[in-house]
Amino acid sequence: MRSLVAGNWKMNGLAAGLAELASLKAALAAKPPAAEVLVCPPFTLLAQAAWAVKDAFALGGQDCSPHDGGAYTGDISAAMLKDAGASYVIVGHSERRHYHGERESDVAAKTQAAWRAGLCAIICIGETESQRDAGDAHSICAGQLDASVPDTATAQNTAIAYEPVWAIGTGKTPTSADIAAMHAHIRSCLVRRLGEGAQGMRILYGGSVKPENAAEILNLPEVNGALVGGASLKAADFLNIITAFKVV
Ligand code: PEP
């Protein structure tokens, strides 16, 4: 399994931001990384990014419609992402769940739409702070996996991102022991549900990953990559996270 370090630019980035991708491309060409690298810019930059990056690393969308096309004003289909140069799409990010009311069934439908277009889906799960404080983090994540990961998920078409909601954009992170325990729990849920093939499914950690904490977090057992928000916007920071990864 090759680890995956993914950057989620969220609603950040104008055309001038493409210079960061050019810097990242140059740095990765000079020193090829152990991990696979993915950047998910806003929809508006995808096609230009694909041109700028020219397969030096992967590109993805931050969301997609569950529908393949039609009268859905403002929505973007998985096929449109693919056409613009994406090979991945993030689905079920906590900001989509919170601001757009997305439910587990929506996440499952978006995942299947991603697959129909030939994209790999990165399905985000994670507990809130009150759920963790109540001791419910593991059961909440197990429930999210059950309801949002379709039965036909494979290591090739799906990755899971464990992103504790309270750690996203806050500078707070779980302890290393808590991250390792959650990733082991997610792995056992996946294998129980999907079979031994799920041993190869990548489980990413996301939530305030920065150059300063990347080596500690990303080299924990069962951490097969990272989903990085704020620290992916600057090529230098993102590169320091990418290179923190162990060789796998
Ligand atoms: C994210 O948006 O998925 C994320 C993890 O953000 P940040 O790294 O800024 O916490």
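I take two strands as paired if DSSP finds at least two bridges between them. I also note at the start that this is a predicted model.

**Entry 1, β7 and β8.** I looked up Tyr-205 and found it opposite Ala-226 in β8. Strand β7 covers residues 203-206 and is joined to β8 by two bridges, the two strands running parallel. I then followed the chain from one strand to the other: β7, helix α9 (residues 211-218) and β8 form a β-α-β unit, and this unit is right-handed.

**Entry 2, side chains of β8.** Which residues point one way from β8, and which the other way? I find Gly-225 and Leu-227 on one side, with Ala-226 and Val-228 on the other. I checked burial as well, and all of them are buried.

**Entry 3, β8 and β1.** I counted bridges between β1 and β8 and got four, with the strands parallel. For Gly-7, I noted Val-228 in β8 as the bridge partner.

**Entry 4, the whole sheet.** I traced the strand order as β1-β2-β3-β4-β5-β6-β7-β8 and found a closed barrel of eight strands, with parallel pairing. On average, I find neighbouring strands of this sheet turned by 25° against each other, direction ignored.

**Entry 5, β2 and β3.** I looked at strand β2 (residues 36-40), which runs parallel to strand β3 (residues 58-61) and is joined to it by two bridges. Here I located Val-39 opposite Leu-59 in β3. Helix α10 (residues 235-242) came next: I see it packed on the sheet, where it touches β1 (4-8), β2 and β8 (225-228). I recorded about 155° between the direction of α10 and that of β1.

**Entry 6, helix α7.** I looked up where helix α7 (residues 137-148) lies, and it is across β5 (120-125) and β6 (158-162). I noted that α7 runs at about 150° to β5.

**Entry 7, Thr-44.** I placed Thr-44 in helix α2, which spans residues 43-53. Is Thr-44 buried or exposed? I list Thr-44 as exposed because its relative accessible area is 65%, and exposed requires over 50%. I also took the C-alpha to C-alpha distance from Thr-44 to Cys-189, which is 36 Å, with their positions 145 residues apart in sequence.

**Entry 8, rings.** I searched for aromatic pairs and the structure holds one. I then looked at the ring of Trp-51 and found the charged end of Lys-54 over it, 4.0 Å from the ring centre.

Note on methods. Residues are numbered from 1 along each chain as its sequence is written. This is a predicted model: local features need pLDDT of at least 70, side-chain atom pairs count only at pLDDT 80 or more; totals for chains, interfaces and linings use all residues. Side-chain values use heavy atoms; hydrogens and water are left out. Rings of Phe, Tyr and Trp (its six-membered ring) pair if their centres lie within 6.5 Å; planes under 30 degrees apart count as stacked, over 60 as edge-to-face and the rest as tilted. A charge sits over a ring if NZ of Lys or CZ of Arg is within 6 Å of the ring centre and within 35 degrees of the ring normal. Axes are lines fitted to C-alpha atoms, for helices over the stretch in contact, and angles run from 0 to 180 degrees between N-to-C directions. Contact means heavy atoms within 4.5 Å. Buried means under 20% relative accessible area, exposed over 50%, partly exposed in between (1.4 Å probe, protein chains only). A crossover is right-handed if, with the strands pointing away from the viewer, the path from the first strand over the helix to the second runs clockwise.
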